[in-house]
Amino acid sequence: MYAIAVENLTVTYPTTRSETFRAVDGVSFHVRPGEIVGFLGVNGAGKTSTIKALMGFQTAVSGQATLFDVPVQEADARSRVGFLPETALYSPYLTPFETLTFYGELHGMEGNALKDRIGELLIRVGLSGKEHVLNRTLSKGMQQRVGIAQALLATPRLLILDEVSSGLDPIGRRDLRVILNEERDRGTTIFFSSHQLSEVETVCDRVIVLNKGKLIAEHRVSDLVKQVSSLEDYFVTLVETGGDSLHRTAPESNRNNDTSEDTRTETERKEAVV
Amino acid sequence: MKLYFAIPAVALLALNGFLLRAALPEMLRQPDTEGAEEVYEEKPTTSILGEFRTSLASYLYGRAHEYMHGGVVFRAATESEVQKGKRVAAHGDSLEDHHGSQETSVVPESEYDPRSFWGDIERGAQPWMDIRRHGHRDLAEALPLFRMMTWTDPHFVEGYDMGSYLVFCAAKDRNVDRALEFLAEGIANNPGSFRLQKSYGHYLLANKGQPEEALVHLRKAVEILERRAAKGGGTDRTQRQQLIDDIEVSQTWNEFIMALRKTNRREEAIRWSRRCIEINAPCASGVRTLKIYGLPLPKTRSL
Amino acid sequence: MTPTLRVWRTLIRGSFLEMVRRKELYVLVILTVLMVVGAYSFTFFGVSGLEIFVKDMAFTAVGLFSTILGVTIATRQIPEEISRRTIYPLLARPISRAQLLTGKFVASWVLTLASFALLLGVSLLVLTLLRLPLKVILIQYIWLKAVSFLWLSAICICLSVYVSSSAAFTLGLLLALGSGAFTRSFLLAYGDGVPILNWLIAILYGFLPHFTLFDIARKVVYGWDPIAWWIPLALTVYGIAISAFWLKLALNRFEKMAL
């Protein structure tokens with residue numbers, strides 16, 4: 001079973017009455033449970049469209065996507081997912097505590113369990129002491145922390161984060177790295193898009209690169225750092241030339257594997273890939 | 001911080017006060033209608049505040065009609081409705097002339113309503129009564145509205161005119177004196193109104209049996225009309241036509257000529273009848289007067 | 001509690017907190033009181049016997065302001081979530097779009113009803129203090145208002161998923177406050193034209209909202225007796241059916257909407 005499975009996904013937007021723009025063009029990739037995958041690409045590459053299709057916000061014109069084997073069109077697919085959208089402005093008339101209570105209740109959480117979880121998360125994201133001020137008084141970075149807390153609220157098995165470090169200051173980014181590492185240690189799968197390549201390099205197991213709606217590279221970070229001087233140089237060259245000169249180290253051969261693969265050790269998986 | 005809001009607020013209030021101060025003396029003055037019009041044209045502040053109070057008075061006047069019918073709304077019948085014979089029949093009491101002769105209810109009667117079931121629902125849910133057989137609530141209920149509209153705008157002539165009529169009708173014994181009292185207040189506030197002079201004269205002539213006293217007011221009313229005609233007697237055909245078509249103008253002339261006849265002023269009655277026929281085609285009293293005295297009808301001026 | 005009811009309850013609670021913290025409701029409550037007391041204040045200047053006028057002012061204020069609030073609340077439910085981008089964390093929960101839309105609809109209805117109750121409560125309090133009693137027909141007035149708000153919320157939610165938020169607000173307000181004038185114009189035009197035109201008018205008439213049928217405020221003001229009970233019952237069935245129609249239309253669009 002894959003945490004995320006995307007097969008030949010195509011997402012289009014109408015531009016005129018008769019023409020459409022292919023934001024995502026036949027993209028396929030998989031994310032295994034427990035992996036941290038960075039989703040890279042320049043602005044307009046199709047990252048957010050892919051994520052929207054993954055979350056069922058956008059209907060794909062072809063291909064399919066599943067989360068833990070459940071088609072994304074079904075509400076149940078999102079029951080084990082925490083999602084952070086790019087720069088959301090949480091209700092200016094609610095406090096962070098009320099915002100999290102609202103999302104928690106929508107997830108079926110309630111009572112003291114919910115209160116305790118919110119209290120714990122507010123400390124984790126650095127909003128302790130700000131829980132009862134209105135969201136409108138919070139800075140953009142603080143609002144992003146509220147967003148991170150709501151994504152973590154229901155103890156998800158998969159975190160999908162769009163431009164996760166947007167609006168965060170250096171301390172916020174450091175705190176975020178700590179949270180992501182803690183979630184990884186807990187076994188949570190993390191799939192996130194970011195323009196902060198250093199962050200991707202530090203946190204991710206694997207990167208997937210999109211350009212003009214197509215998947216142009218898929219590499220293990222550990223392999224990449226052996227072959228390139230820096231991730232940033234590699235990324236810039238990749239996008240400018242439009243082609244990947246490096247050996248593709250993504251688990252290409254595993255795409256059609258059955259779920260028994262998950263039971264293998266990390267070493268076995270790496271061997272299979274290489 | 002709050003001071004930043006307080007300063008402009010106080011400034012705004014001061015400006016408001018200044019404007020009111022500039023406008024109020026003109027508004028509180030009791031000019032005749034023409035004079036008032038001139039002041040309104042010259043002073044924008046007076047004009048704006050005047051528009052507001054006139055609008056409020058007009059709104060109240062509009063509601064008064066509803067009040068008399070317990071909230072039922074009437075409208076003028078369309079031409080096709082009139083042609084199809086859907087007309088307002090005379091109703092129980094003597095107030096029929098407050099309706100136009102071709103008025104009908106906004107929610108139609110079942111035989112004119114194509115909606116059948118939905119029509120029944122609307123007739124049940126909304127204040128509705130068949131205008132052909134309808135009556136009125138206690139007219140005294142609407143009187144405060146007239147008191148209020150004339151208090152709001154002392155130059156709202158319709159309020160005094162219609163209000164005095166209601167004062168007259170509301171009492172079972174037809175209280176003419178109270179109606180005259182209300183009209184006298186209206187005349188004091190609007191000495192240039194021919195309508196109020198005409199109505200005052202009408203009550204004296206028709207209800208008090210005092211033609212001499214009535215003549216004083218009716219003569220004033222006609223003089224106002226003549227002054228107005230002389231002043232606005234240009235080539236604006238539509239305006240003149242409207243003036244002549246005005247039922248109030250016609251009634252004023254009729255009442256005046258009738259009062260002249262009743263006070264045995266033969267020569268004057270003939271002279272004014274000829275004048276009335278000359279300028280005013282539907283001059284029933286003028287025609288009748290000339291016929292009574294066996295005189296030929298003058299040729300009416302082409303309009 | 002079923003998942004759908006839980007979603008509805010949460011959405012109502014969230015929207016309620018927002019409404020309470022916005023200023024518009026308080027402004028309208030104050031305006032209502034000012035209108036009623038203002039109308040009554042004429043008695044201090046020697047104009048007595050204004051009972052009907054004061055009641056008229058009170059019910060005009062309650063009807064007008066609750067309608068404005070109803071349109072405002074309903075037309076911003078979905079567009080505001082989209083513009084703030086909070087629609088994403090909302091739909092990232094295991095809830096369907098149908099649950100979200102119906103939840104927003106129920107929240108709009110409940111909040112409009114709450115605003116109406118507050119405005120009416122304040123007005124009734126003022127009228128009671130002024131010793132201006134009302135008749136039993138008031139119960140039917142409240143009942144029919146509740147049904148009309150159901151319809152108003154459904155139309156406004158529907159408009160808000162088809163057109164922009166501001167356009168939905170304008171159209172909603174136009175339909176809510178102008179429907180009486182529209183339907184009366186159609187009624188006047190009916191019968192004057194050729195049969196085909198009459199059919200067209202009848203169809204258009206059927207599609208137009210008939211909020212005036214649900215507003216018996218004038219009967220309350222003028223102290224009429226309660227209306228026949230089959231009328232509120234028939235209007236309730238009609239109101240629920242037509243609300244379901246508008247909601248289904250909204251759902252058709254919302255479920256296919258790219259967010």
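Okay, let me start with helix 6 of chain B: nine of its ten residues are buried, so that helix is largely enclosed by the rest of the structure. The buried ones are Leu143(B), Pro144(B), Leu145(B), Phe146(B), Arg147(B), Met148(B), Met149(B), Thr150(B) and Thr152(B). Before I go on, keep in mind that this is a predicted model. The predictor gives the complex an ipTM of 0.87, with a pTM of 0.80.

So what is around that helix? Part of the story is chain C. Between these two chains, 21 residues of chain B are in contact with 26 residues of chain C. On the chain B side, helix 5 (117-125) and helix 6 (143-152) each supply at least two residues. Which element of chain B gives the most to that side? Helix 6 again, with six residues. If you sort the chain B side by class, you get twelve nonpolar residues, six polar and three charged.

A quick word on chain B overall. Chain B has 14 helices and two strands. Of its 303 residues, 35% count as buried. Take the contacts in chain B between residues at least 6 apart in sequence, and 58% of them join residues at least 24 apart.

Now over to chain C. There are eleven helices here and zero strands, so to speak an all-α string when you read along the sequence: α-α-α-α-α-α-α-α-α-α-α. Its radius of gyration is 20 Å, close to the 18 Å that the globule rule gives for 259 residues, so chain C is as compact as a globular protein of that length. If you prefer box dimensions, the C-alpha trace of chain C spans about 65 × 55 × 35 Å along its principal axes. Buried residues make up 46% of the 259 residues in chain C. And among chain C contacts between residues at least 6 apart in sequence, 84% join residues at least 24 apart.

How about confidence in chain C? The average pLDDT is 90, and 97% of the residues score at least 70. Where in chain C is confidence lowest, and where is it highest? The lowest is helix 8 (residues 195-207) of chain C, at a mean of 81, and the highest is helix 6 (residues 137-162) of chain C, at 95. The usual caution for any model like this: where pLDDT is low, the predicted coordinates should not be read in detail.

Chain C also touches chain A. There, 27 residues of chain A are in contact with 22 residues of chain C. Strand 6 (81-84) and helix 2 (96-106) of chain A each supply at least two residues of the chain A side. The largest share, five residues, comes from helix 2 of chain A. By class, that side of chain A has 14 nonpolar, eight polar and five charged residues.

Staying with chain A, we've got nine helices and ten strands. Buried residues make up 46% of its 274 residues. For contacts in chain A with a separation of 6 or more, residues 24 or more positions apart account for 67%.

Let me walk through the strands a bit. Four of them form an open sheet in chain A, in the order 2-1-4-5, and the pairing is antiparallel. Strand 2 (20-31) and strand 5 (70-71) of chain A stand at the edges with a single partner strand each, so one side of each is left without a neighbour in the sheet. Further in, five bridges join strand 1 (residues 4-14) of chain A to strand 4 (residues 62-67) of chain A. If you want a register marker, Ile4(A) has Leu67(A) as its bridge partner in strand 4 of chain A.

Then there's a hairpin. Strand 9 (residues 206-211) and strand 10 (residues 214-220) of chain A pair antiparallel over six bridges. Val209(A), for one, has Ala217(A) as its bridge partner in strand 10 of chain A. The hairpin has two residues between its strands, and Lys212(A) in the turn has a positive phi of about 50 degrees.

Last topic, the nonpolar core. In soluble globular proteins, nonpolar side chains tend to be buried together. Here, the largest nonpolar core has 203 residues. Which of them touch the most other members? Ala149(A), Ile160(A) and Ile157(C). Leaving aside neighbours within four places in sequence, Ala149(A) is in contact with Leu100(A), Leu121(A), Leu122(A), Val125(A) and Leu127(A).

How values were computed. Residues numbered from 1 in each chain as written. Chains lettered and ligands numbered in written order. Predicted model: local features only at pLDDT ≥ 70, side-chain atom pairs only at ≥ 80, totals over all residues. Contact = placed C-beta atoms within 7 Å. Helix = DSSP H or I, 4+ residues; strand = E, 2+ residues; numbered from the N terminus. Nonpolar A, V, L, I, M, F, W, Y, C, P; charged D, E, K, R; others polar. Pairing = 2+ DSSP bridges. pLDDT = per-residue confidence, 0-100. Core = buried A, V, L, I, M, F, W, Y, C linked by C-beta atoms within 7 Å. Buried ≥ 20, exposed ≤ 12 C-beta atoms within 10 Å, placed from the backbone. Rg over C-alpha atoms; globule rule 2.2 N^0.38 Å.
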